[in-house]
Amino acid sequence: MNSGFTKPKFNMRSLSEIETVSKRASRAAGFSWGISEEVGKNIRLLESYGLPGIKNLNSFLKETQKQKFEKLKLLKENNVSDKNCFCPISFGTSFLDQSHSFKEKKLTLNKLAYPILLIPFLSRSSEIIGKRIQIKFDKVNVNLNYNLNMYSNNNFEQTFRETEDVQINLLDNTINFTDTDWKELYQLSEDTFVEESESLKQGGAGAGLTDND
């Protein structure tokens, strides 16, 4: 009898396993333990969002053995590499470390390898600085909301091995309601404020106690 379900062709992995293996693989590929730990957290985050973190990390680490990627320690508004693509791990680590000191609301990179690997760095930075962050590349638009959730117009079934003209925007915080909405809702909430009656006073602390002296 066909139950309507297909048998999975792979074994599910826990997020803990995903984080640990990603961390160890990154260390084996040459990254420091500190950065490898960040990568592990990031791949766990991508997979929890249903995005192909393991697939992209595996492909990226293989390429690091064959070609060099540009490292970037000090970020500026316009970041340009004349040779190789920027490394998403190096750039992401710098972004995470320097996010509090950004004065610019927009940063650009002329070319970046595996942009999906940068996304969790930006997501975590969004929580740190208390601002939503947006990244755009190759007609892909990703909005990151305080490391709580994200919106993307792309499901990343396609692997973006390298991309050009990457734009990162730090968005101003806005509210989605008017003063009228707030005042009306607040007035409704005031209906829960019950004036203290004489019976409530009698039922307060010490009520019902008798003095036997």
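In this predicted model, helix α4 is mostly covered, with 10 of its 11 residues buried. The buried positions are P88, I89, S90, F91, G92, T93, S94, F95, L96 and Q98. For the chain as a whole, buried residues make up 38% of the 213 residues.

The chain contains seven helices and six strands. Along the sequence these elements follow the order α-α-α-β-α-β-α-β-β-β-β-α-α. Of the contacts in the chain with a separation of 6 or more, 65% involve residues that are 24 or more positions apart.

Helix α4 also takes part in the lining of the largest pocket, to which this helix gives the most, with five residues. The space in this pocket amounts to about 400 Å³. Two or more residues of the lining come from each of the elements α3 (53-64) and α4 (88-98). In total, 20 residues line the largest pocket, and those that lie nearest its centre are F31, I35, K71, C87 and S90. S90 is also among the buried residues of α4. By residue class, the lining of the largest pocket holds eight nonpolar, eight polar and four charged residues.

Helix α3, which gives two or more residues to the pocket lining, is also paired with helix α1. The axes of α1 (residues 15-28) and α3 come within 11 Å and cross at roughly 10°. Because an angle under 35 degrees counts as roughly parallel, α1 is roughly parallel to α3. On the α1 side the contact is formed by I18, S22, A25 and S26, and on the α3 side by I54, L57 and L61. The residues of this contact divide into five nonpolar and two polar, with no charged residue.

A second helix pair is formed by α2 (residues 33-48) and α5 (residues 119-129), whose axes come within 9 Å and cross at roughly 90°. This angle makes α2 roughly perpendicular to α5, since values of 65 to 115 degrees are placed in that class. In α2 the residues involved are E38, K41, N42, L45 and L46, and they meet I119, P120, F121, S123 and R124 in α5. The residues of the contact of α2 with α5 comprise five nonpolar, two polar and three charged. Charged residues are thus present in the contact of α2 with α5, where they number three, whereas the contact of α1 with α3 has no charged residue.

One member of the α2 side, L45, can be followed individually. L45 lies in helix α2 and has a relative accessibility of 15%, so this residue counts as buried, the limit for that class being under 20%. With neighbours within four places in sequence left aside, L45 is in contact with P120, S123, R124 and N147. Among these partners, P120, S123 and R124 belong to the α5 side of the helix contact. L45 is also 9.7 Å from I18, C-alpha to C-alpha, although the two residues are 27 residues apart in sequence. I18 is one of the α1 residues in the contact with α3.

Helix α5 also includes S125. The relative accessibility of S125 is 0%, and therefore S125 counts as buried. Beyond neighbours within four places in sequence, S125 is in contact with F95, L96, S99 and I133. Of these, F95 and L96 are among the buried residues of α4, while I133 falls in strand β3 (133-137).

Two residues other than glycine have a positive phi. For D138, phi is near 45°. D138 is placed in the loop between β3 (133-137) and β4 (140-145), and its relative accessible area of 41% makes D138 partly exposed. For Y146, phi is near 55°, again a positive value in a residue other than glycine. Y146 is found in the loop between β4 and β5 (149-152). With a relative accessibility of 29%, Y146 counts as partly exposed.

Conventions:
Residues numbered from 1 in each chain as written. Predicted model: local features only at pLDDT ≥ 70, side-chain atom pairs only at ≥ 80, totals over all residues. Heavy atoms only, no water. 1 Å grid on protein atoms, 1.4 Å probe; cavity = no way out; pocket = protein on both sides within 12 Å on 5 of 7 lines; lining within 4 Å. Points joined across faces, edges and corners; volume = space filled by probe spheres on them. Helix = DSSP H or I, 4+ residues; strand = E, 2+ residues; numbered from the N terminus. Nonpolar A, V, L, I, M, F, W, Y, C, P; charged D, E, K, R; others polar. Axes fitted to C-alpha atoms, helices over the stretch in contact; angles between N-to-C directions. Parallel < 35°, antiparallel > 145°, perpendicular 65-115°, else oblique. Contact = heavy atoms within 4.5 Å. Buried < 20%, exposed > 50% of the residue type's maximum accessible area, 1.4 Å probe, protein only.
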